[in-house]
Amino acid sequence: MSPRRPIAIIRGGMAGLTAGYYLRRRHEVVLFEKAGRIGGNAYSLKIPQGDFLDIAVAAFGMAGYKNFYALLAELDIPTEPCASSYFSFHNLEAKEGLYLTPSVGGALHQGLGLFRPANLQSLAKLFIGLQRAQHRLSSGALDGVAMGRCLEDLPEFSGDAKIIFLSALCLLSSMETREILASPAAFFLNKLRTHHDVISPKAVYSVRCIRDGTRRYVNALAARFRKDIRLDARIKTVERRERGASVVMEDGSREEFDAAVLACNPDQALSLLAAPTALERELLGAWRYKDGRVVVHRDHGAFPPRDLIEAYTFLYRMKDGVMETSVNGALWHEPQAPKDCDYISAQHPNYPIRPDLVELDTILRTPIFDFKSVATTPRLPELNKTGPFYYCGSYFGYGLHEDAVTSAKAVAERLG
């Protein structure tokens, strides 16, 4: 057996934790995390009642998360169906909307509104439009075409059908509508082809949550090397050595490693490199990230009645002819939430929130998938051919946990 090698891992999100979990079997790892917590966008917030609620990622479709579910099985992490992972769409100006809620309370509040011919027609148009879009994708007609142009050429995507479609893409990407409309249509349609149980009735049985929340697998991944996780780590730069890598801290101290796994966002990785190669500048420099505001609160003033607030409720309005929406997770739909839970996690909130009802106001960074960044995706594995730096993260695919796990496993395999 080859000797155990010292390996640095930079950042403790899903990619960094997965890389550390696998590498620790054969090597000595040290994980450097800039924040005071690990997990990245797997963020379990402890509320005053003592319960933990997931405020960002929380549910995963079995169709597109094969490596992630295999990792959960290896960790013996149980999952359960998200029986109420439905959507609601509420117009902030008209104070009405489309509420896809099957509950008795929801039925009482909207009567037979869900089954109005216009609503059923919108749902039918959505699925017909998706089929036509996928056909155009397969034919190559969407090469180089932005999502906005794609939708203009498909009349089925109008009215509520368009609102449902764009809202779902906002949920899947953490991007805003105007950014999605300018992005490659092929990227999002391929994403929906892979994760084909999201905008589908299959979500009822295929989308699952983690029992006790995402902190369960975060802690399980970290358990193998927790004593070697350094929180609030302030790295100034990482340097190539003749036979390894140096991690230089802001206080001037440095540590030497045989290799370093940069599991951070690509723009952050590029800023840490003391002397990036031309390939690193080209591939990492193509990526832009945004600081997305997330507010966990108990202010229901802008929302429809509670029985119409689904696991994902989109509050939207039209602004300069473009839909502007917030993605709101009703946290009482999570299986571990207490019965009296009234917390909402709002991403990109577009409505006023009473400050006295705010539990957390934070920023989560997410990538912008545009023509420039998406073009690098097939080439990103080139970064891992030589070392001593290796790269992984959700940007290696569609920006999801599955992509973070898959890319981290590939790095771990390359490092033995």
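How many helices and strands does the chain have? Count 14 helices and 20 strands. The model is predicted.

**Whole chain**

Start with everything shown. The C-alpha atoms fill a box of roughly 70 × 55 × 35 Å along the principal axes. For 416 residues, a compact globule would have a radius of gyration near 22 Å, and the chain agrees because its value is 22 Å.

Colour by burial next. Buried residues account for 57% of the 416 residues. Then switch on contacts. Of those with a separation of 6 or more, 68% link residues 24 or more positions apart.

Now show the surface. The accessible area is about 17,900 Å², and carbon and sulfur atoms own 52% of that. Colour by charge: there are 51 positive and 47 negative side chains. The centres of these two sets lie 4 Å apart.

**Stop 1: arginine 11 and α1**

Select arginine 11. This residue sits in the loop between β1 (6-10) and α1 (14-23). Check its backbone: phi is near 90°, a positive value in a residue that is not glycine. Most residues other than glycine have a negative phi. Is arginine 11 buried, exposed or partly exposed? Its relative accessibility is 22%, so it counts as partly exposed.

Step on into α1. How many of the ten residues of α1 are buried? Ten of the ten are, so the helix is mostly covered by the under-20% criterion. The buried set runs through Met14, Ala15, Gly16, Leu17, Thr18, Ala19, Gly20, Tyr21, Tyr22 and Leu23.

Which elements cover them? Select β1, β2 (28-32) and α2, then add α10 (215-223), β14 (259-262) and α14 (401-414); the cover includes these.

**Stop 2: glycine 61**

Move to strand β5 (residues 59-61), where glycine 61 lies. Glycine 61 is buried, because its relative accessible area is 8%. Leave aside neighbours within four places in sequence, and its contacts are Tyr69, Asp197, Ser206 and Val207.

Add arginine 208 to the selection. Its C-alpha is 6.3 Å from that of glycine 61, although 147 residues separate the two along the chain.

**Stop 3: aspartate 76**

Go to the loop between α2 (66-75) and β6 (79-81) and pick aspartate 76. This is another positive phi in a residue that is not a glycine, at about 60°. Aspartate 76 is exposed, since its relative accessible area is 63%.

**Stop 4: histidine 297 and proline 355**

Select histidine 297 in strand β15 (residues 288-297). Is histidine 297 buried or exposed? It counts as buried because its relative accessibility is 0%.

Show its surroundings. Beyond the neighbours within four places in sequence, histidine 297 touches Phe303, Asp342, Tyr343, Ile344 and Ala346 among others. Tyr351, Ile353, Leu357, Val358 and Glu359 are also in contact with histidine 297. Zoom in on the side chain: one of its polar atoms lies 3.0 Å from the backbone nitrogen of aspartate 299.

Now pick proline 355, in the loop between β18 (344-347) and β19 (358-368). How far is proline 355 from histidine 297 in space? The C-alpha atoms are 8.6 Å apart, with the two positions 58 residues apart in sequence. Proline 355 counts as exposed, because its relative accessibility is 69%.

**Stop 5: threonine 313**

Select threonine 313 in strand β16 (residues 312-319). At a relative accessible area of 1%, threonine 313 is buried. Which residues is threonine 313 in contact with, leaving aside its neighbours within four places in sequence? They are Ser88, Phe303, Leu308, Ser326, Val327 and Asn328. Phe303 also appears in the contact list of histidine 297.

Keep the side chain of threonine 313 in view. A polar atom there lies 2.9 Å from the backbone nitrogen of glutamate 310.

**Stop 6: the cis peptide bond**

Finish at glycine 387 and proline 388. What kind of peptide bond joins glycine 387 and proline 388? The bond is cis, with omega about 5°. Most peptide bonds are trans. Proline 388 itself is in the loop between α13 (371-374) and β20 (389-391).

Technical notes. Residues are numbered from 1 along each chain as its sequence is written. This is a predicted model: local features need pLDDT of at least 70, side-chain atom pairs count only at pLDDT 80 or more; totals for chains, interfaces and linings use all residues. Side-chain values use heavy atoms; hydrogens and water are left out. Helices (H or I, at least four residues) and strands (E, at least two) are DSSP runs, numbered from the N terminus. The radius of gyration is taken over C-alpha atoms; the globule rule is 2.2 Å times the number of residues to the power 0.38. Buried means under 20% relative accessible area, exposed over 50%, partly exposed in between (1.4 Å probe, protein chains only). Contact means heavy atoms within 4.5 Å. Accessible areas come from the Shrake-Rupley method with a 1.4 Å probe; for residues, only the protein chains shown count as cover. Lys and Arg count as positive and Asp and Glu as negative; His and the chain ends are not counted. The place of a charge is taken as NZ of Lys, CZ of Arg, CG of Asp or CD of Glu. A polar contact is a pair of N or O atoms within 3.5 Å; within protein, one must be able to donate a hydrogen and the other to accept it, and residues adjacent in sequence count only if both atoms are side-chain atoms.
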